[in-house]
Amino acid sequence: MRVAVIGAGPAGLAAARQVSSFGFELDVFEMKPELGGTWVYTDEVGTDRYGYPVYSAMYKGLRTNLPKEIMGYPDFPIAEEKRSYLTQAEVLEFINLYAEKFHLKDHIKFNTMVMDVRPADSKWKLTYEDKPTGKSFTEYYDSVMICNGHYNDPLIPTIPGQENFTGVIDHSRNYRDPEKFRGQRVLIMGAGSSGLDLTLQTSSVAAHVALSHRKSELNIKFPPNVELRPNVQRIVNFNTVEFVDGSCSCFDAIIFCTGYKYSFPFLHESCGITIDDNLVQPLYKHMIHIERPTMCILGIPYDVCRFQLYDLQARYYCKYLEGSMSLPSAEEMRRDTQQDLEKRRADGYTNPQLHMMGPYQESYYNGLAQEADTTSIPPVLIKIRDISVQRRSNDLMNFREDQYRILDDNNFVVSN
């Protein structure tokens, strides 16, 4: 069994760790010169020194918005220390320690850009380029595990009158530090994790920051130079923005914190993977290609305990590759997937939200573990994730001072 893993971030390394532990032949393709995926910081935006796209959303001063207690792998937790919320550099150091522990770097082809993946009879034909030389190579694999992350293709809205704005308009993917906004009036669009974080960062140097959002309520305390505004209606002229309530304000810069689209630009159309309104199909259990189950995509679900999820998905999939676990027929997988999507829609979720786990976490984790006869994710981690998300909403400016301590698989304590 020869397996290709695309990406050497947290998901790709979890895949590599499991693939190698099952004794399969393994190649990991990583476009950066180092491992770590989204946790690697670079000043580069747009294209890198070799002319290839830069897929990095990391910015200076980032601290995790989830506590470290739920960010480790099952067989390699993050070392105990007083602080629960780590810096980008600390998380990257942990990821490197994980790779060293399981000797994963030996399998990684760095500075390689996967250009094309397509079926070739019972195998997968993978074409990649060595970035420094531009030379192209082709390899054949029995299985492909796609672990290229969520931060490749930014979701950028179009605002009526946008062409009239003479200030800076950019997406959070290209944000690196707040200094360029010193003394300016900044509009942040989107109140997700990056929107809240960038609001805090830019407000430390900007004259004024407005956070535009569509949530019915956002009861969060911000610094005094931050105001909440509703959705943007249009751009009136070179610096004036009109909101849906009819009010107007002037800005020097607009930052879209509007998220990302799932994107797999290297997949040839013959692979049969489609993305419709950010719903990736046809995937069994949000990961396995139903028509061609020798391909899987790790990390599609969100609102999860990410590193733990990557490991569980990888264990599940490797059990299938090994042959110790069988998958249902394609017809049964399609039916199971359709029932899952219909339940989510009945619960009020739209297409872009259908890969969201949130309240479905425990049943999803336990379902994978039961089918693969492996260990699930402990309930305590789900509890910590959920309460930490709530704490962020209740106390954005101070939630990172919380310290969590796990007592057992079901209980934890938190202190300030």
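**Entry 1. Two helices**

I start with a term: axes are lines fitted to C-alpha atoms, for helices over the stretch in contact. The model I am reading is a predicted one. Two packed helices are described by the angle between their axes and the distance between the axes. I looked up helix α1, residues 10-21, and helix α4, residues 306-322. Their packing angle is about 35°, and their axes lie 8 Å apart. I noted the crossing of α1 and α4 as right-handed.

Next I listed who makes the contact. From α1 come Pro 10, Ala 11, Ala 14, Ala 15, Gln 18 and Val 19. From α4 come Phe 307, Tyr 310, Asp 311, Ala 314, Arg 315 and Cys 318. Sorted by class, the contact of α1 with α4 holds nine nonpolar residues, one polar residue and two charged ones.

**Entry 2. Ala 314**

I picked one residue from that contact. Ala 314 sits in helix α4. Is Ala 314 buried or exposed? Its relative accessibility is 0%, and buried means under 20%, so Ala 314 counts as buried.

I then checked what Ala 314 touches, not counting residues up to four places away in sequence. The list is Ala 14, Ala 15, Gln 18, Met 145 and Leu 298. For Ala 15 I also looked up the spacing from Ala 314. The two are 299 residues apart in sequence, yet 5.1 Å apart in space, C-alpha to C-alpha.

**Entry 3. The nonpolar cores**

In soluble globular proteins, nonpolar side chains tend to be buried together. I looked for such groups here. The largest nonpolar core has 90 residues. Which of its residues touch the most other members? They are Leu 13, Trp 39, Met 145, Phe 307, Tyr 316 and Tyr 365. Helix α4 gives the largest share of this core, 10 residues.

I followed Tyr 316 further, again not counting residues up to four places away in sequence. Tyr 316 touches Tyr 284, Lys 285, Met 287, Ile 288, Met 325, Leu 327, Leu 368, Glu 371 and Ala 372. There is also a second, separate core of 22 residues, which includes Tyr 141, Phe 264, Phe 266 and Val 280.

**Entry 4. The sheet β4-β5-β6**

Strands of a sheet pair through backbone hydrogen bonds, either parallel or antiparallel. I found an open sheet of three strands in the order β4-β5-β6, with antiparallel pairing. Its edge strands are β4 and β6 (136-141), each of which pairs on one side only. From one strand to the next the twist averages 20°.

I took the strand pairs in turn. Strand β4 (residues 112-120) and strand β5 (residues 123-130) run antiparallel and are joined by eight bridges. Met 113 stands opposite Glu 129 in β5, and Arg 118 stands opposite Lys 125 in β5. The two strands form a hairpin with two residues between them, and Asp 121 in the turn has a positive phi of about 55°.

Strands β5 and β6 pair over six bridges, also in the antiparallel sense. Here Tyr 128 is opposite Phe 137 in β6. β5 and β6 form a hairpin with five residues between them, and Gly 134 in the turn has a positive phi of about 75°.

**Entry 5. The sheet β13-β14-β15**

I found another open sheet of three strands, in the order β13-β14-β15, with antiparallel pairing. The edge strands are β13 (232-235) and β15 (248-250), and each pairs on one side only. The twist averages 30° from one strand to the next. Strand β14 (residues 240-243) pairs with β15 in the antiparallel sense over three bridges. In β15, Cys 250 is the bridge partner of Thr 240.

**Entry 6. Strand β11**

Last, I looked up strand β11, residues 208-212. Why is β11 described as largely enclosed by the rest of the structure? Five of its five residues are buried, so the description follows.

In a regular strand the side chains alternate between the two faces of the sheet. I therefore checked both sides of β11. His 208, Ala 210 and Ser 212 on one side are buried, as are Val 209 and Leu 211 on the other, and both faces are covered.

For pairing, I noted strand β10, residues 185-189, which runs parallel to β11 over five bridges. His 208 in β11 is the bridge partner of Arg 185.

Note on methods. Residues numbered from 1 in each chain as written. Predicted model: local features only at pLDDT ≥ 70, side-chain atom pairs only at ≥ 80, totals over all residues. Heavy atoms only, no water. Axes fitted to C-alpha atoms, helices over the stretch in contact; angles between N-to-C directions. Helix = DSSP H or I, 4+ residues; strand = E, 2+ residues; numbered from the N terminus. Left-handed = near helix turned anticlockwise from the far one by under 90°. Contact = heavy atoms within 4.5 Å. Nonpolar A, V, L, I, M, F, W, Y, C, P; charged D, E, K, R; others polar. Core = buried A, V, L, I, M, F, W, Y, C linked by side-chain atoms within 4.5 Å. Buried < 20%, exposed > 50% of the residue type's maximum accessible area, 1.4 Å probe, protein only. Pairing = 2+ DSSP bridges.
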